[in-house]
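Biologist: Could you take a close look at a single part of this model for me, the place where charged side chains pair up, and then lead me outward from there step by step? I am in my first year, so please go slowly and give the reasoning as you go.

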Amino acid sequence: MIIFALLLRLVFICLVSPDIILGSDQYYYNKIAKGILAGEGYHSLNLLAYQPPLFAYFIALIYSLFGSSIYYVLFAQAILGSISCLLIYWIASEISGKDTGLLAALIAAGYLQLIRYSSELLSETLFIFLILTAVLAVLISERRANNFMAVTAGVLFGLAALTREVALFPLLGIILWYYWISRDMVQALKKWSMVFLFAILTILPWTVRNYLVFHSLVPISTSGGINFYIGNNEEATAEYRFVLPSGAIWNKFSPNGRTEIETARLCYRETIKFIRDHPKTFFLQTARRVYQLWGPPFYKVSITGSKSELAFRLIWLAQYLLIFILSFILVPFLFKKEIGAWTMPYLMILLLSAPYFFTLASSRFRLPLIPFMVILASGALIRLYKNHIR
C-alpha cells in the first residue's frame with residue numbers, strides 16, 4: 001500500500017513540471033529557504049515573520065543535504081505523503097478496525113489532490129503528515145495510557161502549528177475529545193494539559209525569536225490580521241484577493257519590523273470595524289466561505305482547458321462527492337448508536353475548517369480535512385458491505 005502510494009506520487013512528480021510563479025507562495029518558500037542557507041536568517045524581503053517557519057526550514061534542510069533542486073523536496077514530500085497513507089491506516093484501525101484502515105489507506109493513496117500537492121512546493125503535505133501523526137499519538141496515548149505518547153502528541157501539534165497556525169484549533173479541540181470519551185472534565189483537563197504544555201514548549205523558541213526581533217509578542221506569524229482583512233472587506237469574495245486597508249505599509253524596511261506589526265494590528269482593527277458595521281455582509285460572506293471550503297468543487301471544472309486537466313478535475317470531483325456523501329450523510333445514519341467512536345475525525349474536520357470560515361477559503365485549505373473524511377467514508381463503506389453480506 002505504501003509502495004503504491006509512493007509510486008503514484010513519484011509518477012505525478014515526473015509528469016508535471018514544477019511551476020514556481022513569481023510572487024506565489026511556492027516562490028517565497030523557496031526564496032526564504034535559500035536565504036536561510038545563505039546565512040540571512042528567516043525573512044521574506046522585509047517581512048520577518050509573515051508565515052510560520054517550519055516548512056521553509058524543511059526545504060532548507062533538504063537543500064543542505066542533497067542540493068538546491070526542488071525535485072529533492074518533492075521526492076521528500078512524496079515519501080511523507082506515502083507515510084501519511086500508513087498513518088491513515090493506523091488511525092482508522094484504532095477507530096474502527098483494520099478493514100476500515102486498509103480501505104482508508106487505499107483511498108488516500110489514490111486521492112488525486114493528495115497526490116497533486118506532493119508535487120507542489122507548499123506546506124500542505126508536511127502539515128498533513130504532522131497532524132495525522134499527532135492525532136495517532138493522542139489515540140495511542142489514551143488507548144495504552146501512555147504519557148510519553150501524550151508528550152509526543154504535544155510536540156507534534158506544536159510542529160504542525162509552526163507549519164500552519166490552523167493546527168492550534170484542533171489542539172484546543174482535543175480537550176473536547178477527552179471529555180467526550182471520559183465524561184469527566186477534570187480528567188479531560190489533566191490529560192489535555194500535558195499535550196497542550198508540550199505544544200506550547202515546542203512553539204516557544206520561535207515566539208522568543210519573534211520577541212527579540214519585534215520587541216512585541218508574536219506567537220508564530222503576523223499573517224493572521226491580513227488574512228482576516230482579506231476575507232472581510234467590502235470587496236471580499238470567498239477566495240483569495242490580496243488587499244490591505246488604507247494606510248497600511250506593506251513589506252517596507254523598518255527598525256524591528258514595526259511596519260509589519262503595525263499593518264497586522266491595523267488589519268485586525270479594520271476587520272472588526274467592518275464586521276460591526278456590516279453584520280449582514282459578514283454573515284453572507286461566511287456562508288460563501290463555508291460552501292467554498294466544504295462544497296463539491298464544481299467551479300474548478302472547465303471544458304476550456306486541456307483534456308488531461310479536465311479529466312483530472314472530473315475524477316477529483318467524483319472522489320470528493322463520494323467521500324463527502326459517505327462521511328457527512330451515511331456515517332451519521334449508519335452509526336447512530338455508536339457515533340461517539342467517530343468524534344475524533346469529525347472534530348478534526350470542524351476545527352481545521354474553523355479559521356477559514358472567518359478569513360478565506362479554497363480547495364487547497366480543504367486538503368487537511370480529506371484524510372479524516374476518507375476515514376469516515378471508509379467506515380461507511382465497510383459497514384454497508386457488512387450489512388449487505390449478513
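Modeller: R364 and E124 are both buried, and their side chains meet in a salt bridge with 3.0 Å from N to O. Please keep in mind that this is a predicted model. R364 lies in helix 16 (residues 363-366) and E124 in helix 7, so the pair ties together parts that are 240 residues apart in sequence. Salt bridges that share partners join D25, E124, R164 and R364 into one network.

How buried is E124, then? Its relative accessibility is 1%, and because buried means under 20%, E124 counts as buried. The side chain of E124 also meets that of R164 in a salt bridge, at 3.3 Å from N to O. While E124 lies in helix 7, R164 is found in the loop between helix 8 (147-161) and helix 9 (168-182), so this second pair ties together parts that are 40 residues apart in sequence. R164 has a relative accessibility of 13%, and so it counts as buried. As a general point, side chains of opposite charge can pair when their charged atoms come close.

Helix 7 takes part in another link of this kind, for R144 forms a salt bridge with E94, and the closest N and O atoms are 3.3 Å apart. This pair links distant parts of the chain, with R144 in helix 7 (residues 124-144) and E94 in helix 4 (residues 70-96), 50 residues apart. E94, at 16% relative accessibility, counts as buried. Counted by the same rule, the model has 13 salt bridges.

From charges we can move to rings, where the count comes to 22 aromatic pairs. One of these is formed by Y27 and Y28, whose ring centres are 5.1 Å apart with 80° between the planes, which makes the pair edge-to-face. Y27 has a relative accessibility of 25% and counts as partly exposed, and Y28 counts as partly exposed at 24%. In the pair of W177 and Y178, the ring centres are 5.5 Å apart and the planes stand at 55°, so this pair is tilted. W177 counts as buried at 7% relative accessibility, and Y178 is buried with a relative accessible area of 2%.

Rings can also be gathered into groups, and W294, Y320, F324, F328, Y346 and F357 form one aromatic cluster. Y320 brings us back to charged side chains, since R366 lies over the face of Y320, at 4.4 Å from the ring centre. In a similar arrangement, R116 lies over the face of F312, at 4.5 Å from the ring centre.

Finally, let us turn to the surface, where M1, I2, I3, F4, L7, L102 and L106 make a nonpolar patch of about 600 Å². Helix 1 (2-15) and helix 5 (98-110) each supply at least two residues of this patch, and the largest share, four residues, comes from helix 1. I3 has its place in helix 1, and at 54% relative accessibility I3 counts as exposed, because exposed means over 50%. You can set this beside the pair we began with, since R364 and E124 are both buried.

Note on methods:
Residues are numbered from 1 along each chain as its sequence is written. This is a predicted model: local features need pLDDT of at least 70, side-chain atom pairs count only at pLDDT 80 or more; totals for chains, interfaces and linings use all residues. Side-chain values use heavy atoms; hydrogens and water are left out. A salt bridge is a side-chain nitrogen of Lys or Arg within 4 Å of a carboxyl oxygen of Asp or Glu. Buried means under 20% relative accessible area, exposed over 50%, partly exposed in between (1.4 Å probe, protein chains only). Patches are made of residues with over 30% relative accessible area and no salt bridge: like charges are joined within 9 Å, nonpolar side chains (Val, Leu, Ile, Met, Phe, Trp, Tyr) within 5 Å. Accessible areas come from the Shrake-Rupley method with a 1.4 Å probe; for residues, only the protein chains shown count as cover. Rings of Phe, Tyr and Trp (its six-membered ring) pair if their centres lie within 6.5 Å; planes under 30 degrees apart count as stacked, over 60 as edge-to-face and the rest as tilted. A charge sits over a ring if NZ of Lys or CZ of Arg is within 6 Å of the ring centre and within 35 degrees of the ring normal.
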